[in-house]
Amino acid sequence: MSTVPPSMDPTKMGVGRSIAVLTSGGDAQGMNAAVRATVRVGLYTGAKVFFVHEGYQGLVDGGVNIRPATWESVSMMLQLGGTVIGSARCTDFQTREGRMQAANNLVKLGITNLCVIGGDGSLTGANKFRCEWSELLLDLVRAGKITDDQAKSSTHLNIVGMVGSIDNDFCGTDMTIGTDSALHRIMEVVDAITTTAQSHQRTFILEVMGRHCGYLALVTALACGADWVFIPEMPPDEGWEDHLCRRLADQRARGCRLNVIIVAEGAMNRDGKPITSENIKQLVTKKLGFDTRTTVLGHVQRGGTPSAFDRILGSRMGVEAVMALLEATPETPACVVSLSGNQAIRLPLMECVQVTKDVTSAMAEGRFEDAIKLRGKSFENNWNTYKLLAHINPPDTKSNINVAILNVGAPCAGMNAAVRSAVRMGIIQGHNMLAVHDGFEGLAHGQIEPIAWTAVSGWTGKGGSELGTKRLLPSKMIEDISLNIAKFNIHALVIIGGFEAYVGGLEMVQAREKYEELCIPMVVIPATVSNNVPGSDFSVGADTALNTIVETCDRIKQSAAGTKRRVFIIETMGGHCGYLATMAGLAAGADAAYIYEDKFGIRDLEANVEHLVEKMKTTVKRGLILRNESCNPNYTTDFIFNLYSEEGKGVFDCRKNVLGHMQQGGTPTPFDRTFGTKMGAKSVLWLTDKLKECYRHGRIFANTPDSACMLGMKKRSLTFQPLTELKDHTDFEHRIPKKEWWLKLRPIMKILAKYNVSLDTTEHAHMEHVIKKRVQP
């Protein structure tokens, strides 16, 4: 755990210390969020914080390139793409003389803590700088550039890295800063191209970035249901040309009006020769005669506003980086702060760099399976899911198993992606897939029909629920449901939805005692904007809703910045669950977020108003307040609006917005598409295994608790938990889990908004090690 004694006041940790932050290498959306968090948390701990402008070049040149950072200087940075402190490729820093000059500049300013945001090259350079530090100081003393006292006060340099790279090419972290935003840009283009391609029955080839890493290409293919993907880690087998043409022709024969092929810019064949989008276009045009177009996305992928995920990731990493710097000792190796699942972790920098180099070596040596494994569990899971859904033809022999899929509760983005992958995975397993329209009500009324492979084409990018969904629970219709399960010979159920899906699943399990027809395996996939389902840290649909809220907040902040002295109060959805309000507050830079789980009273409201009055005296003359719709029955949005309007009279004026059902709509984000796709596929594979376990004397009989499970993301992996076991973890009255992981992020939001609250340093990550997965050749 953290090396900070529990008694230490985090606001005193940095007193007498100085931290410099720089961005280096290629820019990535979300870098500004990381810079902002580093500056503000550094100042919160009592440290001095400096910007290094223009990356390592600024470190070498010194002077005005290294400037003190203030609280206000990082305001309005969150929503900006790129890096506002600049980045530059620097050849000077690659020389010893350049590094010596950089050391001189840092020592003169008393800076011994360096936070570097960049790719593996930038971080490797930082580690070399750290290793040479003592020798550089000796040389500077000998040259008379610094005094002995200055050298003694700067005996060692602490380095912490944050990985900013849209390619997600750094091993040891699930996601690098900028990757999610780049996927947003790519999916916007894919969605636009899909409509025109369908109109003309065209084949589109999209080339995305990724010279040495195929992550963007792979996730894009998974998120849009591409017919083929070319990635550098896994070149296609010999004879791929015929295989590709056969696949495209089969899809057209099945009635698909378009084909999509995704190519990473570093794609190659087994001999190491490049496979370009132009090569593929010529192949498809010549062999099939299809109308084929290519689109090379280029630097569009680096641009634009950072996604909510990248802002939160950058903010969390910034906090962790400051803590890692201030806790470091001369013996602590340079570390990189990273993300695994939803957990912030610290990893030795050079271990990560070595595994990243191992991937390159594996590809060069033709050990492609090894390269996939070395990329990490997330990459491997994505590849395996894509292969299952795109590269296997349905078997000739059927299993005679009927699997029904239904959506329950309110609609949300990503539901259709989960249905699509469940349907296709079921067909691949040889099952007959049945679509149930309008939730449990449709199951009771017999609104059930077979659903084919092509029926779900294009569903990944569609919002809402194509099957139709209702909130009605099964308890009052249980007899009709059991009759229809028997009538349609349903052997397993996939229930996709929110809290109603969970409660409905529980009611079905409880009714097994009376109705034997309900003794079939069931799996619930959490899908709701509220993210309030027990058994999972994330729900399908919550990321899309979060991005909708954050985009709206950006526009509102822009309006407030123009008019000055204005406070906006925004009401978000979520029922009693404050996930959306909290995470949107962190991503949009809110001054407060009122939620049910974090109790508040009139004194807290008064303190928030006073905080805003003080804020209006600074250069940042605007405020943003979020309120969860059910945070308090008495402190309503109107009440808070009236209170702020009255107490702020003469200092600021107020406006309010209730976002409403726009949070449930829209096209799914890349995360919700891929999350829904992986959840749908995994649920059917689990049901297939469970059906084999439950097959007795020529029939299916499942009545054990582990035959009805919730499939959820818990910390670092997808897990199945019996629905009955989750009852003890559920607050049924308020429809939320009793423990919610994201609550520990609330102090970060408050600190970044300049509230004097305590940050629990015992929650911070400890140093871990990269687990190397290597298959010996």
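Which elements cover the buried residues of helix 19? The views below are taken from a predicted model.

**View 1. Surroundings of helix 19 (residues 579-588).** The cover over the buried residues of helix 19 includes helix 10 (308-327), helix 18 (542-563) and helix 23 (746-752), together with strand 18 (566-572), strand 19 (592-594) and strand 20 (622-628). Helix 19 is mostly covered, with ten of its ten residues buried. These buried residues are Tyr-579, Leu-580, Ala-581, Thr-582, Met-583, Ala-584, Gly-585, Leu-586, Ala-587 and Ala-588. Gly-589, just after helix 19, takes a positive phi of about 75°.

**View 2. Helix 1 (residues 31-44) and the residue Gly-46.** Helix 1 has 14 residues, which at 1.5 Å a residue should span 20 Å; the end C-alpha atoms of helix 1 are 20 Å apart, in agreement with that value. Helix 1 is mostly covered, as 13 of its 14 residues are buried. Just after helix 1, Gly-46 has a positive phi of about 95°.

**View 3. Crossing of helix 3 (residues 96-108) and helix 4 (residues 120-142).** The two axes come within 9 Å and cross at roughly 80°. Angles of 65 to 115 degrees count as roughly perpendicular, and helix 3 and helix 4 are therefore roughly perpendicular to each other. On helix 3, the contact is made by Arg-96, Arg-99, Met-100, Ala-102, Ala-103, Asn-104, Leu-106 and Val-107. Helix 4 contributes Lys-128, Phe-129, Glu-132, Trp-133, Glu-135, Leu-136, Leu-137, Asp-139 and Leu-140. By class, this contact of helix 3 with helix 4 has ten nonpolar, six charged and one polar residues.

Conventions
Residues are numbered from 1 along each chain as its sequence is written. This is a predicted model: local features need pLDDT of at least 70, side-chain atom pairs count only at pLDDT 80 or more; totals for chains, interfaces and linings use all residues. Side-chain values use heavy atoms; hydrogens and water are left out. Axes are lines fitted to C-alpha atoms, for helices over the stretch in contact, and angles run from 0 to 180 degrees between N-to-C directions. Helices (H or I, at least four residues) and strands (E, at least two) are DSSP runs, numbered from the N terminus. Angles under 35 degrees count as roughly parallel, over 145 as roughly antiparallel, 65 to 115 as roughly perpendicular and the rest as oblique. Contact means heavy atoms within 4.5 Å. Ala, Val, Leu, Ile, Met, Phe, Trp, Tyr, Cys and Pro count as nonpolar, Asp, Glu, Lys and Arg as charged, and the others, Gly among them, as polar. The expected span of a helix is 1.5 Å times one less than its number of residues. Buried means under 20% relative accessible area, exposed over 50%, partly exposed in between (1.4 Å probe, protein chains only).
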